[in-house]
Amino acid sequence: MDRRMLGGLEVSALGLGCMGMSRTYGPADDAESVRVIHRALDLGVTLLDTADVYGVGHNEELVGRAIRGRRDEVVLATKFGIREVVGGGEVRVEGSPEYVRAAVDRSLTRLGVDVIDLYYLHRRDPNVPIEETVGAMAGLVEAGKVRYLGLSEVNADTLRRANATSPITALQSEYSLFNRGVEEQVWPVCAELGIGLVPYSPVGRGMLTGRPEALRDLGEDDFRGQLPQFRGENLERNIALARRVQDLAATLGVTPVRVALAWLLARDEHVVPIPGTKRIAYLEDNAGAAEVRLTEEQVAEIDSAVPRDAVAGDRYTPAGLAAVNR
């Protein structure tokens, strides 16, 4: 697989988001998840993304087991800062220097590694100046526990202030054909400062995989059922948009998920999507997007199929939105 640069960090053009391997999107099987991670490495995927809050530590432990014996093939990314997720999608956050130092040690233990390649602040703590949180993160680099620093879901001003404190390598934010909020203010700052962009949920949390109708029957343990874009009339309108992508994919001779991911890859050479899956077949479909080369005309056609303001509903509940863009 082709390589791309996130700041000074070289990674595969596509990464693997591991969150769904800890029951976020319904039942998961640890043995199958380990096979998926191994297959990803075989395909040349190097960037594995997890977080301490996924499965309350389970996801980091799972990833740690999966990469044992293959550590040198992996660019390992994890996140801290969300203490817990409570009812309605509300998150409780912590960004004090003391918490930063304790969180990294817990993650290192669960992952079974000596150093984390890319360490993100998952959500900004509004009660702690970003300079204090990032300053403590920079101390982890000096201590040899972390190689590069990242932020997740912050606004342009916070990104500038953080980067002035210590170089930020990557910004992780939700970004897809269905959710394009980073384009107006945040992405231009990334480009100006040389910060890579890592889109999570790059296929619209499954909306753009070619199976949107299945989203009508989400199980009780699938958190997408709480999100406005996946409820009632919003869901039906969004399924209709997803069908446009299906039709366009058919004319291009590729799968819808490859259209969605190739569109992101075509945005900029420093964009590295991290589609998540817990199935090998879906992983292989995702990875094939790295071989799709879209023309400018095709990119424009995809843009017009899903206009920026056409998607119905917010991407999070009001409680969840309160924790982003800080």
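**Reading strands and helices**

Modeller: Let's start with one pair: phenylalanine 80 has leucine 121 of E8 as its bridge partner. Keep in mind that this is a predicted model.

Biologist: Happy to. How many bridges join E5 to strand E8, and in which sense do they run, parallel or antiparallel?

Modeller: The general idea is that strands of a sheet pair through backbone hydrogen bonds, in either a parallel or an antiparallel way. Here E5 and strand E8 (residues 116–121) run parallel and are joined by four bridges. E8 also pairs with E9, again in the parallel sense, over five bridges. There, tyrosine 148 in E9 stands opposite leucine 118.

Biologist: In what order do the seven strands of the open sheet come?

Modeller: The order is E3-E4-E5-E8-E9-E10-E11, and the pairing is parallel. Strand E3 (16–17) and strand E11 (196–200) are at the edges with a single partner strand each, so each has one side without a neighbour in the sheet.

Biologist: And E9, how many of its seven residues are buried?

Modeller: Five of them are, so strand E9 (residues 146–152) is largely enclosed by the rest of the structure.

Biologist: Let me try the other strands. Where do the side chains of strand E1 point?

Modeller: As a rule, side chains in a regular strand alternate between the two faces of the sheet. In strand E1 (residues 3–6), Arg4 and Leu6 point to one face and are buried, while Arg3 and Met5 point to the other face and are not buried. E1 runs antiparallel to strand E2 (residues 9–12), with four bridges joining the two. One example is methionine 5, whose bridge partner in E2 is glutamate 10. The hairpin of E1 and E2 has two residues between the strands, and in it glycine 7 takes a positive phi near 55 degrees.

Biologist: On to the helices. How do H1 and helix H9 pack?

Modeller: In general, two packed helices are described by the angle between their axes and the distance between the axes. For H1 and helix H9 (residues 280–288), the angle is about 25 degrees and the axes are 9 Å apart. That makes H1 roughly parallel to H9, and the crossing is right-handed. On the H1 side, Glu32, Arg35, Val36, Arg39 and Ala40 meet Ile280, Leu283 and Glu284 of H9. Sorted by class, this contact of H1 with H9 has four nonpolar, four charged and no polar residues.

Biologist: What angle do helix H8 and H9 make?

Modeller: Helix H8 (residues 256–265) packs on H9 at about 45 degrees, the axes being 8 Å apart. H8 and H9 are therefore oblique to each other. Their crossing is right-handed. Val257, Arg258 and Leu261 in H8 meet Glu284, Asp285, Asn286 and Gly288 in H9. By class, the contact of H8 with H9 has two nonpolar, two polar and three charged residues. Notice Glu284 of H9: it is among the residues that meet H1, and it is also among those that meet H8.

Biologist: One more helix. How many of the ten residues of H2 are buried?

Modeller: Seven are, so to speak of helix H2 (residues 58–67) as mostly covered is fair. The buried ones are Asn59, Glu60, Leu62, Val63, Gly64, Ala66 and Ile67.

Biologist: What covers the buried residues of H2?

Modeller: The cover includes helix H1 (30–42), strand E4 (47–49), strand E5 (75–80) and helix H3 (97–111). Just after H2, glycine 69 takes a positive phi of about 90 degrees.

Methods:
Residues numbered from 1 in each chain as written. Predicted model: local features only at pLDDT ≥ 70, side-chain atom pairs only at ≥ 80, totals over all residues. Heavy atoms only, no water. Buried < 20%, exposed > 50% of the residue type's maximum accessible area, 1.4 Å probe, protein only. Contact = heavy atoms within 4.5 Å. Axes fitted to C-alpha atoms, helices over the stretch in contact; angles between N-to-C directions. Parallel < 35°, antiparallel > 145°, perpendicular 65-115°, else oblique. Left-handed = near helix turned anticlockwise from the far one by under 90°. Nonpolar A, V, L, I, M, F, W, Y, C, P; charged D, E, K, R; others polar. Pairing = 2+ DSSP bridges.
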